[in-house]
Amino acid sequence: MINPRIFRLFAMAGACFLLLVTFMSGVYVGAYQFNAMEASGRAALLVYELSALRHGSADKLINTKELGLDGAIVKALRFQESGHPWRFFPCSESYDHSEYLKIAGAYRKKHPSPTPSVDFGNGPDLQEETAAYAAEVAKRMEQLQHRYGG
């Protein structure tokens, strides 16, 4: 008969191992499944973008992409400050944020962010939120230029 303390020790070690395995598989499988799930939405957006380009409405598309770039830069800089890249180990080791942000910084140096000057609407709640977001974008663009703009 097995000693109850040893049995509990092995049971806890097994539970910890299973928790680690499920966590790691959840990170990798979950990220893959999320990307696969949102592929249909991305496909619809690409159709819109391609249609706009084919019909000569590139200005609308450029403005949308500029705002999207600002959002991506804000997210990337937030992730650098308070993200959890260890959750994606070992994949996170090969991901070079600096190189990508240098590309974005060089682009933003030539083409300044339009977000701080965009009017998103008239509602008082919307104005406060957009003013706060515009201020954060302006701060993050300064950060981007300071760190990566060259």
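How much area does the protein expose, and what share of it do carbon and sulfur atoms supply? About 11,500 Å² is exposed, with 65% of it coming from carbon and sulfur atoms (areas by the Shrake-Rupley method with a 1.4 Å probe; for residues, only the protein chains shown count as cover). Keep in mind that this is a predicted model: local features need pLDDT of at least 70, side-chain atom pairs count only at pLDDT 80 or more, and totals for chains, interfaces and linings use all residues. Residues are numbered from 1 along each chain as its sequence is written, and side-chain values use heavy atoms, leaving out hydrogens and water.

**Overall make-up**

- The protein has 5 helices and 0 strands, so the elements read α-α-α-α-α from the N terminus on (helices are DSSP runs of H or I with at least four residues, strands are E runs of at least two, numbered from the N terminus).
- Buried residues account for 18% of the 150 residues (buried is under 20% relative accessible area, exposed is over 50%, partly exposed is in between, with a 1.4 Å probe and protein chains only).
- Take the contacts between residues at least 6 apart in sequence: 75% of them join residues at least 24 apart (contact means heavy atoms within 4.5 Å).

**H1 meets H2**

- Helix H1 (residues 4–37) and helix H2 (residues 39–54) have axes that come within 4 Å and cross at roughly 35° (axes are lines fitted to C-alpha atoms, for helices over the stretch in contact, and angles run from 0 to 180 degrees between N-to-C directions).
- On the H1 side the contact uses Asn-35, Ala-36 and Met-37, and on the H2 side Ala-39, Ser-40 and Arg-42.
- By type, that contact splits into 3 nonpolar, 2 polar and 1 charged (Ala, Val, Leu, Ile, Met, Phe, Trp, Tyr, Cys and Pro are nonpolar; Asp, Glu, Lys and Arg are charged; the others, Gly among them, are polar).
- H2 has 16 residues, which should span 22 Å at 1.5 Å a residue, and its end C-alpha atoms are indeed 22 Å apart (the expected span is 1.5 Å times one less than the number of residues).
- Just after H2, Gly-56 takes a positive phi of about 75°.

**H4 and its two sides**

- The 14 residues of helix H4 (residues 97–110) should span 20 Å, and the end C-alpha atoms agree at 20 Å apart.
- Leu-101, Ala-104, Gly-105 and Arg-108 are the buried residues of H4.
- These buried residues sit on the same side of H4 because they cover an arc of only 105° around the axis (the arc of the directions from the helix axis to the C-beta atoms).
- Over on the other side of H4, Ile-103 and Lys-110 are exposed.
- The buried residues of H4 pack against helix H3 (58–82) and helix H5 (124–149).

**H5 and Arg-140**

- H5 has 26 residues and reaches 35 Å from first C-alpha to last, close to the expected 38 Å.
- Its buried residues, among them Ala-134, Val-137, Met-141 and Leu-144, pack against H3 and H4.
- Arg-140 lies in H5 and counts as buried because its relative accessibility is 5%.
- Leaving aside neighbours within four places in sequence, Arg-140 is in contact with Val-74, Leu-77, Arg-78 and Glu-81.
- Arg-140 and Val-74 are 66 residues apart in sequence, yet 6.1 Å apart in space, C-alpha to C-alpha.
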